[in-house]
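Hi there,

Here is the structure I promised to pass on. Have a look at it first, and then read my notes below.

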Amino acid sequence: IFVMQQIPSSNLLLLVTDPTCDCSIFPPVLQEATEVKYNASVKCDRLRSQKLRRRPDSCHAFHPEENAQECGGT
């Protein structure tokens, strides 16, 4: 169970989850590093397989009522 809502006057979303969920039925997520060795042909194949991407028509990086002066002031 989760609830998601937009934070007023910002471009942020608040996501609240249920901490009482019993997750013991799921296997643990392993955080071990795995080395992957690439060569030139693998890199070219990877670049060819990527989908073409385009920029969005408009930018939504801020909200007009957001006060940027409150950000980053440590």
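To start with a small detail: which backbone nitrogen lies 3.2 Å from a polar atom of the side chain of Ser 10? The backbone nitrogen of Leu 12 does. That fits the cut-off for a polar contact (a pair of N or O atoms within 3.5 Å; within protein, one must be able to donate a hydrogen and the other to accept it, and residues adjacent in sequence count only if both atoms are side-chain atoms).

Before going further, please keep in mind that this is a predicted model, in which local features need pLDDT of at least 70, side-chain atom pairs count only at pLDDT 80 or more, and totals for chains, interfaces and linings use all residues. Residues are numbered from 1 along each chain as its sequence is written, and side-chain values use heavy atoms, with hydrogens and water left out.

Now the overall picture. The protein chain has one helix and two strands, in the order β-β-α along the sequence. Helices (H or I, at least four residues) and strands (E, at least two) are DSSP runs, numbered from the N terminus. With a radius of gyration of 21 Å, well over the 11 Å that the globule rule gives for 74 residues, the chain is more spread out than a compact globule. That radius is taken over C-alpha atoms, and the rule is 2.2 Å times the number of residues to the power 0.38. Of the 74 residues, 1% count as buried (under 20% relative accessible area; exposed is over 50%, partly exposed in between; 1.4 Å probe, protein chains only).

Back to Ser 10, which is in the loop between strand 1 (2–6) and strand 2 (13–17). Ser 10 counts as buried because its relative accessibility is 6%. Leaving aside neighbours within four places in sequence, Ser 10 is in contact (heavy atoms within 4.5 Å) with His 63 and Glu 66. Ser 9 is in the loop between strand 1 and strand 2 as well, and counts as partly exposed at 28%. The phi of Ser 9 is near 60°, a positive value in a residue other than glycine.

As for the strands, Phe 2 is found in strand 1 and is exposed, with a relative accessible area of 56%.

Happy to go through any of this with you.

Best wishes
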